[in-house]
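Trainee: I've got a model open here and I'd like to talk it through. Can you take my questions one by one?

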Amino acid sequence: MNHLKKRRTIGLLFLIIGILLMVFTMFSENYSKIGWLKNLIYIIAEPSCWFFTWNGLDKLFSSSEKKLPELIFFQKISKAKVNFTTI
């Protein structure tokens, strides 16, 4: 359960970083007066914002669903009572 919660937290953090990088890239394009600096920021920030956004969404939804059946199984097993008797 802790692994799933940690994975979702990291996914949400990646998503927030990606969105903030997108906003930063958008504003830096409008406010940068130096042409080469604007291009450098855009070249570095654009791929990284897409990486963080899609990787965050993947960690948040897709990866969590793969572990969910295993987590449910282990929760059921942890609640099971086993009795050993002799015949």
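Mentor: Sure, and a definition goes up front: accessible areas come from the Shrake-Rupley method with a 1.4 Å probe, and for residues only the protein chains shown count as cover. This is a predicted model, so local features need pLDDT of at least 70 and side-chain atom pairs count only at pLDDT 80 or more, while totals for chains, interfaces and linings use all residues. Residues are numbered from 1 along each chain as its sequence is written, and side-chain values use heavy atoms, with hydrogens and water left out.

Trainee: What share of the exposed area do carbon and sulfur atoms supply?

Mentor: The protein exposes about 7,300 Å². Of that area, the part from carbon and sulfur atoms is 69%.

Trainee: How many helices are there in the protein?

Mentor: Helices (H or I, at least four residues) and strands (E, at least two) are DSSP runs, numbered from the N terminus. The protein has zero strands, and its helices number two.

Trainee: Is T53 buried or exposed?

Mentor: T53 sits in helix α2. Buried means under 20% relative accessible area, exposed over 50%, and partly exposed in between (1.4 Å probe, protein chains only). T53 has a relative accessible area of 8%, so the label is buried.

Trainee: Which residues does T53 touch, not counting those up to four places away in sequence?

Mentor: Contact means heavy atoms within 4.5 Å. With that cut-off, the partners of T53 are F14, L15, G18, I19 and M22.

Trainee: How many aromatic pairs are there?

Mentor: Rings of Phe, Tyr and Trp (its six-membered ring) pair if their centres lie within 6.5 Å; planes under 30 degrees apart count as stacked, over 60 as edge-to-face and the rest as tilted. By this rule the count of aromatic pairs is four.

Trainee: Why is the pair of F14 and F52 edge-to-face?

Mentor: The ring centres of F14 and F52 are 5.1 Å apart. F14 belongs to helix α1 (residues 2-31) and F52 to helix α2 (residues 35-79), 38 residues apart. The pair is edge-to-face because the planes are at 75°.

Trainee: What kind of aromatic pair do F73 and F74 form?

Mentor: Their centres are 5.5 Å apart, with 55° between the planes. F73 is partly exposed at 46% relative accessibility, and F74 is partly exposed at 48%. The pair of F73 and F74 is tilted.

Trainee: Which residues do ring pairs link into a cluster?

Mentor: F52 is one of them, and F52 is partly exposed at 21% relative accessibility. The cluster consists of F14, F51 and F52.
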